[in-house]
Structures are given as structure tokens and as C-alpha cells.
Amino acid sequence: MSSPLFEKAWRFFLLVSGMEDGLFDLFIMMDYAKLVCIYILSKEAFMSDLTIVFISLSGNTLSFVKRMTFYLEEKHQLKIKAINVKDLKRQTFPIKESFIAILPTYLEGGNGIDSGEVEILTNPLGDFIAAHDNVKHCLGIIGSGNKNFNHQYCLTAKQYAKRFGFPMLGDFELRGTNADVERLAQVILETVAISKKF
């Protein structure tokens with residue numbers, strides 16, 4: 001006989017998984033080991049096809065990620081999980097699936113050549129990537145910035161690519177245009193496809 005708490009949890013699982021509630025009586029007759037196996041197998045249905053890890057301070061990068069997520073979900077039927085490390089309050093956790101990083105440019109003043117190369121404000125993204133060997137799952141990084149800053153444009157993303165050893169996949173300015181979303185979505189799709197071959 002199952003507990004009321006277990007029954008509630010299992011009915012919720014049936015609800016979110018789209019399974020018939022009438023199957024509940026059948027499932028409660030199974031032992032817990034079988035239920036665990038069902039849960040493990042069913043997790044595949046809830047996993048994302050792609051994770052985007054980013055940081056957004058002014059809202060520009062968040063806007064871009066939202067539009068990229070919508071485009072990939074609507075046009076390519078992918079499940080996207082987006083993680084804004086700003087919301088994590090400097091906490092980190094292991095990430096086991098492949099992900100794409102997106103990083104805006106915030107640097108100390110200067111020209112990015114003989115000064116102004118030091119990252120400020122966006123460091124939590126680098127900390128997240130470095131923690132728990134998360135870097136092993138990063139397929140590459142996309143940078144954003146303001147072209148008015150010349151050499152400093154997307155400089156932090158370039159520094160991350162060099163520091164962590166993953167590729168710089170592309171860039172966009174400020175909030176990015178719809179053309180940027182489509183262009184970089186194609187790059188992301190190709191990168192993910194290649195990663196799945198290995």
C-alpha cells in the first residue's frame with residue numbers, strides 16, 4: 001500500500017508526463033524498484049536538447065537568449081534550458097549536458113590593447129564554467145559587445161575561448177538582430193551536431 005505522499009507525487013508525474021491517470025492503480029501495484037526504473041527511463045523525455053549558460057546584466061543578453069530560445073524551439077523543435085548565472089548569486093553546480101556559453105563584454109576603461117583588458121562584473125560566468133569541470137561540457141562561446149569600443153568588442157569572450165580552450169562560435173552587437181539570431185542558431189545547430197558524432 002502506498003503512502004498519500006507517494007500517491008500525490010505519482011499522480012503529479014502522470015499529469016506532467018501526459019500519461020493517463022487511470023494507469024495509477026496499475027503502477028501502485030508495482031514495487032518501488034520498478035518505479036525507479038520507470039522514472040530513470042522517463043527522464044529522457046524531460047531533458048533539454050540544448051543548454052545555454054549566460055550572464056545578463058543590462059538585459060541585452062537576456063533578450064537575445066529569449067529570442068534564440070524561441071527560434072530554436074519554434075523552428076527546430078528543440079527543448080532549450082537557459083541558465084542566467086546572475087540569478088545563481090555566485091553559486092555553482094555540476095552541469096552534465098553539453099552547453100553553449102553567451103557572454104557580454106564588461107571591461108575596465110582603456111582601449112583593450114595596452115589597457116582595459118580586465119573583465120569586470122561578468123566573472124561569475126567564468127567561475128561557473130571553471131567549477132565542477134563544467135568546462136568539459138562547453139561546446140563554445142558567443143560574445144556580445146558594442147562595436148564603438150573597437151578592439152574591446154567581445155574581448156572577454158575571446159579571452160574565455162583562450163583561457164578554457166573552447167571555440168569562439170560567433171558574436172553579436174548589443175541585443176542582436178533577428179538576422180543575428182538566425183545566423184548564430186545555425187552555428188549552434190552545426191556545433192551540436194558535430195559534438196554528437198564524437
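Let's start inside the protein, at the residues V85, L88, R90, Q91, T92, P124, D127 and F128, which together line its largest cavity. This is a predicted model, so keep in mind that the empty space described here is computed from predicted atom positions. Rolling a probe the size of a water molecule over the atoms shows where empty space is left. In this case the cavity comes out at about 30 Å³, and a search of the whole structure turns up one cavity of 30 Å³ or more. Its lining is a mix: four residues are nonpolar, two are polar and two are charged.

Now step back and take in the whole chain. The protein has 198 residues, 39% of them buried. There are seven helices and five strands, and if you walk along from the N terminus, the elements come in the order α-α-α-β-α-β-β-α-β-α-β-α. Take the contacts between residues at least 6 apart in sequence: 72% of them join residues at least 24 apart. On the outside, the accessible surface comes to about 11,700 Å², with carbon and sulfur atoms accounting for 58% of that.

Next, have a look at the largest pocket, which has a volume of about 300 Å³. It is lined by 19 residues, and T105, Y106, G145, N146 and F149 are the ones closest to its centre. Which elements give two or more residues to that lining? They are α4, spanning 60-76, and β4. By residue type, the pocket lining splits into seven nonpolar, eleven polar and one charged.

From the pocket, move over to helix α6, which covers residues 155-164. Its buried residues are L155, T156, A157, Y160, A161 and F164. What covers them? The cover includes two strands you can pick out at 99-104 (β3) and 168-173 (β5), along with α5 (123-130) and β4 (138-145). Just after the helix comes G165, and its phi is positive, near 85°.

T156 is a good residue to zoom in on. It sits in helix α6, and it counts as buried because its relative accessibility is 0%. Leaving aside residues up to four places away in sequence, T156 touches L103, P104, T105, Y106, L107, E119 and T122. Two of these names should ring a bell: T105 and Y106 are also among the residues closest to the centre of the largest pocket.

What about the cysteines? A disulfide is a covalent bond between the sulfur atoms of two cysteines. A search of the whole structure finds zero of them here. C138 is buried, since its relative accessible area is 8% and the cut-off is under 20%. C154 is buried as well, because its relative accessibility is 1%.

Finally, head towards the end of the chain. K196 lies in the segment after α7, the helix at 178-195. Is K196 buried or exposed? It counts as exposed, because its relative accessibility is 63% and anything over 50% qualifies. K196 and S98 are 98 residues apart along the chain, and their C-alpha atoms are separated by 9.6 Å.

Technical notes:
Residues are numbered from 1 along each chain as its sequence is written. This is a predicted model: local features need pLDDT of at least 70, side-chain atom pairs count only at pLDDT 80 or more; totals for chains, interfaces and linings use all residues. Side-chain values use heavy atoms; hydrogens and water are left out. Helices (H or I, at least four residues) and strands (E, at least two) are DSSP runs, numbered from the N terminus. Buried means under 20% relative accessible area, exposed over 50%, partly exposed in between (1.4 Å probe, protein chains only). Contact means heavy atoms within 4.5 Å. On a 1 Å grid over the protein atoms alone, a cavity is a set of points where a 1.4 Å probe fits but cannot get out, and a pocket is an open set with protein on both sides within 12 Å along at least five of seven lines; lining residues have an atom within 4 Å of a point. Grid points are joined across faces, edges and corners, and a volume is the space filled by probe spheres set on the points. Ala, Val, Leu, Ile, Met, Phe, Trp, Tyr, Cys and Pro count as nonpolar, Asp, Glu, Lys and Arg as charged, and the others, Gly among them, as polar. A disulfide is a pair of cysteine sulfur atoms within 2.5 Å. Accessible areas come from the Shrake-Rupley method with a 1.4 Å probe; for residues, only the protein chains shown count as cover.
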